[in-house]
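Student: Could you take me slowly through one part of this protein, a pair of neighbouring strands and what surrounds them? I would like each term explained as we reach it.

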Amino acid sequence: SPALDNTQTTVYTFTPTVGQCATTATMTIEVNPLPTLDTITATPACINSPSTVTMTGLLPSTAGSFTYTNSMTGPAVYTVSGVSDASGNFTFDTPNLPAAANGAIITITSGTATASGCTANFTGKTVTVVVGKVTTWTGTIWDQGTPTSIDTAVIPLAYSEVANIDACSLVVNTNAVVTIPSGSNVTLHG
């Protein structure tokens, strides 16, 4: 007893019927969980920088090998291998992504993960990658919107706005006169 359960580790006890030539014994049957792949996320990327892809839900120290495609690079197939961290997260960096890769879909086309002697296979998990844009100062506004931490900000002419610039990178053309007023900051994340 109890009844056999093949879904979880259980301790079973054998109790002989009175009059049998046997003794009470216990036995533990261990059922190891299968690795699972719950979610896949990707960090936003600056232009010509990688995105870090994280797959969650694996068991700690799960060895894995995964292949993936990027919808913007055509039929190319990429392979990554490694071991998940103590939280069961498996991470890898994509190759550097051009601005044109914004909106690319990364698809896990196949994957094998092994933990505690148990192997599981995965396919079809997807994530959309966000890649920054180039936004240029026109003299009054940023042509593609105010730069963000993943964007490239270009200043081709005079700039002296009382505003912070938060960008991945900043390009200042040779003849541009740029003045950052007191109290304003330029923060670059690239």
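Tutor: Let us begin with strand 4 (residues 52–56) and strand 7, which run antiparallel and are joined by four bridges; two strands are said to pair if DSSP finds at least two bridges between them. The strands themselves are DSSP runs (E, at least two residues), numbered from the N terminus, while helices would be runs of H or I with at least four residues. Before going further, please keep in mind that this is a predicted model, in which local features need pLDDT of at least 70 and side-chain atom pairs count only at pLDDT 80 or more, whereas totals for chains, interfaces and linings use all residues. Residues are numbered from 1 along each chain as its sequence is written, and side-chain values use heavy atoms, with hydrogens and water left out.

Within this pairing, M55 has F90 of strand 7 as its bridge partner. Strand 7 covers residues 90–93, and its two faces differ: F90 and F92 lie on the covered face, T91 and D93 on the uncovered one. In a regular strand the side chains alternate between the two faces of the sheet.

M55 is also in contact, meaning heavy atoms within 4.5 Å, with L37, T39, I40, F66, G88, N89, F90, F92 and I108, if residues up to four places away in sequence are not counted. M55, F66, F90, F92 and F122 are the residues with the most contacts inside the largest nonpolar core, which has 22 residues. A nonpolar core is a set of buried Ala, Val, Leu, Ile, Met, Phe, Trp, Tyr and Cys residues joined through side-chain atoms within 4.5 Å, and buried means under 20% relative accessible area, with exposed being over 50% and partly exposed in between (1.4 Å probe, protein chains only). At least two residues of this core come from each of strand 4, strand 5, strand 7, strand 8 (105–115) and strand 9 (118–122), and strand 8 gives the largest share, three residues. In soluble globular proteins, nonpolar side chains tend to be buried together.

Now look at the loops on either side of strand 4. The loop between strand 3 (39–42) and strand 4 holds N48, whose phi is near 60°, a positive value in a residue other than glycine. On the other side, S61 is found in the loop between strand 4 and strand 5 (63–70), and S61 likewise has a positive phi of about 60° although it is not a glycine. S61 counts as exposed because its relative accessibility is 54%.

The loop before strand 4 brings us to a disulfide, a pair of cysteine sulfur atoms within 2.5 Å, and the count by this rule comes to one. C46 and C168 form this link, with their sulfur atoms 2.0 Å apart, and the angle of 115° about the S-S bond makes it right-handed. Because C46 lies in the loop between strand 3 and strand 4 and C168 in the loop between strand 13 (165–167) and strand 14 (169–172), the pair ties together parts that are 122 residues apart in sequence. Both C46 and C168 are buried, whereas C21 is exposed, with a relative accessible area of 86%.
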